[in-house]
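Reader: I have just opened this one and would like a slow walk through it. Could you start with whatever term I need before we get to the details?
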Amino acid sequence: MLLNPEQDQSSRSFTSVFPKARTVVSEAIYLHFNHQSLSNCRILVVDNHIDTCDLFALVLEEAGAEVAIAASCEKALTQIQKNPPDIIISEIELPGESGLTLVRKVRELMAELGQMPLALAVTSYVEREDQSEISSAGFHRYLSKPVDIYELVDVVSELLEQKQNNQLF
């Protein structure tokens, strides 16, 4: 267990155990994904929960990706204009504008530049109507929360492979 059970609740955040978590995740990723690599892949993780951003960044970086994080649609758009990602992983429920709005705006912005990043939604909403809305907004896939970190890397790898083989868009 990563956390000391004698610690009080206020010190039990992900960031307080981040060094230990990095070690455990590094070992798990190495053992599970030593054949997969996300090297040369730029990923933007968008979620208003910093622990989720930190965990996803940790896992994806250990798999070889370059990862940036943003906590809102506005911050994500600023990041995208500075350094367009290959993949956007976004929570649907964001403060202000939703992840659906973010991906629609990115599609418009990037179409002008001739670059289209892949988009992966992360959400706890998986009703049939929600799936349709997620897809029509421009997301290629979605993962339900809580997200399995191995599945996250698998799905990102699959999306990259499909794009490389011209099976997307």
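Author: Let me begin with how elements are named: helices, of at least four residues, and strands, of at least two, are DSSP runs numbered from the N terminus. Please also keep in mind that this is a predicted model. With those names in hand, N40 can be placed in the loop between α1 (18-33) and β1 (42-46).

Reader: What is the phi of N40, and is that residue buried or exposed?
Author: The phi of N40 is near 65°, which is a positive value in a residue other than glycine. As for its surroundings, N40 has a relative accessible area of 77%, so it counts as exposed.

Reader: And what sign does phi have in most residues other than glycine?
Author: In most of them phi is negative, and most peptide bonds, for their part, are trans.

Reader: Which peptide bond is cis here, then, and where does its proline sit?
Author: The bond from K145 to P146 is cis, with an omega near -5°. P146 itself belongs to the loop that runs between β5 (141-144) and α6.

Reader: Let me step back to the whole chain: how many helices and strands does it have, and in what pattern?
Author: There are six helices and five strands in the chain, and when it is read along the sequence they follow the pattern α-β-α-β-α-β-α-β-α-β-α.

Reader: What share of the residues is buried, and how much area does the chain expose?
Author: Of the 169 residues in the chain, 41% are buried. The chain exposes about 9300 Å², and carbon and sulfur atoms supply 47% of that area.

Reader: What about contacts between residues that are apart in sequence?
Author: If one takes the contacts between residues at least 6 apart in sequence, 65% of them join residues that are at least 24 apart.

Reader: How do α3 and α4 pack?
Author: Helix α3, which covers residues 73-82, and helix α4, which covers residues 99-113, pack at an angle of about 25°, with their axes 10 Å apart. Angles under 35 degrees count as roughly parallel, and the two helices are therefore roughly parallel to each other. Their crossing is right-handed. On the α3 side the contact is made by C73, A76, L77, I80 and Q81, while α4 brings L102, K105, V106, L109 and M110.

Reader: You mentioned C73; is it buried or exposed, and what about C53?
Author: C73 has a relative accessibility of 1%, so it counts as buried, and C53, with a value of 1%, counts as buried too.

Reader: How many disulfides are there?
Author: A search of the whole structure finds zero disulfides.

Reader: Now for α2 and α6: at what angle do they pack?
Author: Helix α2 (residues 50-62) packs with α6 at an angle of about 60°, and their axes are 10 Å apart. These two helices are therefore oblique to each other, and α2 passes α6 in a right-handed crossing. The residues that meet are L55, F56, V59 and L60 in α2 and I149, L152, V153 and V156 in α6.

Reader: One last residue: where is K163, and how far is it from L118?
Author: K163 lies in helix α6, which spans residues 149-164. Its relative accessible area is 30%, so K163 is partly exposed. K163 and L118 are 45 residues apart in sequence, and in space they are 8.2 Å apart, C-alpha to C-alpha.

Methods: Residues numbered from 1 in each chain as written. Predicted model: local features only at pLDDT ≥ 70, side-chain atom pairs only at ≥ 80, totals over all residues. Heavy atoms only, no water. Disulfide = S-S within 2.5 Å. Buried < 20%, exposed > 50% of the residue type's maximum accessible area, 1.4 Å probe, protein only. Contact = heavy atoms within 4.5 Å. Areas by Shrake-Rupley, 256 points an atom, 1.4 Å probe, with all protein chains shown as cover. Axes fitted to C-alpha atoms, helices over the stretch in contact; angles between N-to-C directions. Parallel < 35°, antiparallel > 145°, perpendicular 65-115°, else oblique. Left-handed = near helix turned anticlockwise from the far one by under 90°.
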